[in-house]
Amino acid sequence: MNESIKTNNTDIMSIYQKSENILSDIQNIIEASQRQAYHAVDTILSQRNWLIGYRISEEEMDGSDRAEYGAKIIKKLSKELTIQYGKGYDRSNLYHCLRFYKEFPQIIDTVCRQSHIRLTWSHYRALLQVTDSAARSWYEKEAYEQTWSVRTLQRNINTQYYYRILQSQHKELVEREMLEKTSGFQNDKLEFVKNPVIAEFLGLSSNTDFTETDLETSIISNIQKFLMEMGKGYAFVARQQHIKTEKEDYFIDLVFYNYILKCFILIDLKTGKITHQDVGQMDMYIRMYDELKKGTDDNPTLGIVLCTETDEDIARYSVLHGNEQLFASKYKLYLPTEEELRKEIEIQKTMFYLQQKEKQSEQRHSEET
């Protein structure tokens, strides 16, 4: 979720106001109830994850070698829970639960059965990146009191906002800049359209009436146009290009040739969070392309992995086979920046999701009439 939880502000009965516009009133009721429902679910999700971490920690304490014993527990739990409940219980997520408990041990009082959780699980996931306990507490307090979205919190952590505020003699200027830079994050129209974390928690599909392939196709189509329109030496080569080896068939989402850089550029899109496997796969594509497609006068092939879920990992560049420094200095001049790619993907995601909502609305209207 993208909003902090303040239960006194999400009670739909207390915020209801009648106006002269019945459509507007009902829209406000529906949207307020959606927010309250998501907030309630996300609070329970955070409670669940804290309790999972608490229970693992209790078990871990019984082991003679805690680190090794804890790793074995998590590995076994992950395997069994995934079989029973599906996605969402891999080792990485269980470690996050354990860290959540260890970094926020007082957030739930197990004796009094009271919870002091004020933010969403996505907020706490971001806070776990902060190793400085003073900074983490400050970010937690500000995120709650200023109702920061998850993206605002993540940006402030990434840009060392706490330390800049602490050291600045003109704190109001630093704060004003932050508010300007994050204003778009605080009004995310797609906040409730798709939340895979909540969907997994409830045992639901993370898709609605569209598939990830639809989303991928939409973004890829527009990224292709986006790069072509940049006018920096791109020539389109292929889409879903087939590369065949003796043992396997591979398909690369997009292939360009940049005649200024004199190299092929491979693009692979992932509709989830980028992983080491994704980067490893791209490196394999690059090696294969250099061996099977690259000419003797071409520079080393460049690979870009795009992902649609996390801003900080939106793009990865891979350059192999020597001449790295020379090539790196050249490609920065002719390739889009990570920020440009990030903005373009966010634009295409927004357009895609809003189109889906319009289709759903039109379908409901036609059914009613």
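Two strands are taken to pair if DSSP finds at least two bridges between them. In the predicted model described here, this criterion is met by strand β4 (residues 249–258) and strand β5, which run in the antiparallel sense and share five bridges. Within this pairing, Phe 256 has Ile 265 of β5 as its bridge partner. The two strands form a hairpin, with four residues lying between them. In the turn, Lys 262 adopts a positive phi of about 60°.

Strand β5 also pairs with strand β6 (residues 302–307), here in the parallel sense and over six bridges. One of the bridge partners in this pairing is Gly 303 of β6, which is matched with Leu 266. Strand β5 thus takes part in an antiparallel pairing with β4 and in a parallel pairing with β6.

The burial of β5 (residues 263–270) was examined next. Eight of the eight residues in this strand are buried. In a regular strand, side chains alternate between the two faces of the sheet. In β5, one side carries Cys 263, Ile 265, Ile 267 and Leu 269, and the other carries Phe 264, Leu 266, Asp 268 and Lys 270. Both faces are covered, since the residues on either side are all buried. Cys 263 has a relative accessible area of 0% and is therefore classed as buried, the cut-off being under 20%.

A further cysteine, Cys 97, is also buried, with a relative accessibility of 4%. A disulfide is a covalent bond between the sulfur atoms of two cysteines. A search of the whole structure finds zero disulfides.

Strand β3 (residues 234–244) contains Gln 241. Because its relative accessible area is 14%, Gln 241 counts as buried. When residues up to four places away in sequence are not counted, Gln 241 touches Tyr 250, Phe 251, Ile 252, Val 255, Tyr 289 and Lys 293.

Salt bridges were then considered, and five were found in a search of the whole structure. One of them joins the side chains of Glu 59 and Arg 55, with a distance of 3.2 Å from N to O. These residues are separated by about one helical turn, because they lie four residues apart in helix α2 (residues 22–60). Glu 59 is partly exposed at a relative accessible area of 27%, and Arg 55 is likewise partly exposed at 47%.

Arg 99, Glu 103 and Arg 136 are linked in a network of salt bridges. In the pair formed by Arg 99 and Glu 103, the closest N and O atoms are 3.9 Å apart. Both residues belong to helix α4 (residues 91–103), where a spacing of four residues places them about one turn of the helix apart. Arg 99 is partly exposed, with a relative accessible area of 33%, and Glu 103 is partly exposed at 30%. The side chain of Glu 103 also meets that of Arg 136 in a salt bridge of 2.7 Å, N to O. This pair links distant parts of the chain, as Arg 136 lies in helix α6 (residues 133–145) and Glu 103 in helix α4, 33 residues apart. Arg 136 is buried, with a relative accessible area of 7%.

Towards the start of the numbering, helix α1 (residues 12–15) includes Met 13. With a relative accessibility of 68%, Met 13 counts as exposed. The C-alpha atoms of Met 13 and Ala 32 are separated by 9.5 Å, and the two residues are 19 residues apart along the chain.

Definitions and conventions. Residues are numbered from 1 along each chain as its sequence is written. This is a predicted model: local features need pLDDT of at least 70, side-chain atom pairs count only at pLDDT 80 or more; totals for chains, interfaces and linings use all residues. Side-chain values use heavy atoms; hydrogens and water are left out. Buried means under 20% relative accessible area, exposed over 50%, partly exposed in between (1.4 Å probe, protein chains only). Contact means heavy atoms within 4.5 Å. A disulfide is a pair of cysteine sulfur atoms within 2.5 Å. A salt bridge is a side-chain nitrogen of Lys or Arg within 4 Å of a carboxyl oxygen of Asp or Glu.
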